[in-house]
Amino acid sequence: MRGRLWIAGLAVAMLLVGPTAFAQERQISLAAAPELAESGLLKHMLPRFSLKNSIRVSVVAPDAAGADVRLLAQGEDGGGRAVFARGAVTYVLIVPEDGAPERAEFTGRFIDWLQSDTGLNTVLAFQPPEGAPFAAAEAEAVVAAAPAFDGDAREGERLSLLHCGRCHVVGDANRMAGLGSTPSFPVLRTFADWEERFTAFYVLKPHPAFTQIPDVTEPFDETRPPPIIPVTMSLDDLDAILAFVAAIAPADLGAPIQHQ
């Protein structure tokens, strides 16, 4: 069984915060190669790790001092643990000797996750908008597994109606509700990136302004209170919603319009 997935994104719990936030609990710093952020991989990958493990990852510059772990292009010395590749470049994990021992457990969980089938499949499932796709570091091809969710789908339906039904049509239960400017859940299920949209919904506008997930999102800015009643949910709640959405039949939008 697969646990909670993560990610869109680094904006995403991928929370791109500065080094001053490293002292917070259940958070590690990742010094990553700039091209990984530019490709969009980190925004896709890190939120998924965070939702699964309740550990936030802050991305810093490749040469930042005190980083808990580094994800960089492999050098000529071949050092580091190879995790994936892109074209002729292999990316490796390196654990600096000056890492904080109090975060060693969290760092280890990130390394284990990225080297696991779940972590690798998360990387392989990402489709960069430009350039070559990511691949396994080994020569043999690895096929990304289809997403699976082990949350309570029935509870996910209840939570979706409670938290999302004020704006979205979730299903027949509230088909006359929702806002006309927001897509329904069945319509969202037709999108190729529906999993990413739902997994990291809380960083996609307008959700950050009124959504809180403990241990994942930052507290609201006291100078900018939520414009509506806040939505507060746990990682288990999000897992249940993902299980519910995965079981929804995509809307039948008909054949594409043919242009003469």
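User: How much space lies in the largest pocket?

Analyst: Start with the general idea. Rolling a probe the size of a water molecule over the atoms shows where empty space is left. In this predicted model, the largest pocket holds about 490 Å³ of space.

User: Which residues lie nearest the centre of that pocket?

Analyst: H168, L188, F201, P206 and H207 do, out of 25 lining residues. Helix 5 (153–164), helix 6 (185–188), helix 7 (194–199) and helix 8 (235–246) each give two or more residues to the lining.

User: Now the sheet. What is its strand order, and is it open or closed?

Analyst: Strands of a sheet pair through backbone hydrogen bonds, either parallel or antiparallel. Here six strands form an open sheet in the order 2-1-3-5-4-6, with mixed pairing. Strand 2 (56–60) and strand 6 (134–136) each have a single partner strand, so one side of each lacks a neighbour in the sheet. On average, neighbouring strands are turned by 30° against each other, direction ignored.

User: Which way do strand 1 and strand 3 run, and how many bridges join them?

Analyst: Strand 1 (residues 27–32) and strand 3 (residues 69–73) run parallel, joined by three bridges. L30 has V69 as its bridge partner in strand 3. Helix 2 (residues 41–53) packs on this sheet, and its direction makes about 150° with that of strand 2.

User: Which residues touch the most other members of the largest nonpolar core?

Analyst: In soluble globular proteins, nonpolar side chains tend to be buried together. The largest core here has 30 residues; L36, M45, L71, F84, F110 and L114 touch the most other members. Apart from that core lies another, of 25 residues, including F210 and I248.

Conventions:
Residues are numbered from 1 along each chain as its sequence is written. This is a predicted model: local features need pLDDT of at least 70, side-chain atom pairs count only at pLDDT 80 or more; totals for chains, interfaces and linings use all residues. Side-chain values use heavy atoms; hydrogens and water are left out. A nonpolar core is a set of buried Ala, Val, Leu, Ile, Met, Phe, Trp, Tyr and Cys residues joined through side-chain atoms within 4.5 Å. Buried means under 20% relative accessible area, exposed over 50%, partly exposed in between (1.4 Å probe, protein chains only). Two strands pair if DSSP finds at least two bridges between them. Helices (H or I, at least four residues) and strands (E, at least two) are DSSP runs, numbered from the N terminus. Axes are lines fitted to C-alpha atoms, for helices over the stretch in contact, and angles run from 0 to 180 degrees between N-to-C directions. Contact means heavy atoms within 4.5 Å. On a 1 Å grid over the protein atoms alone, a cavity is a set of points where a 1.4 Å probe fits but cannot get out, and a pocket is an open set with protein on both sides within 12 Å along at least five of seven lines; lining residues have an atom within 4 Å of a point. Grid points are joined across faces, edges and corners, and a volume is the space filled by probe spheres set on the points.
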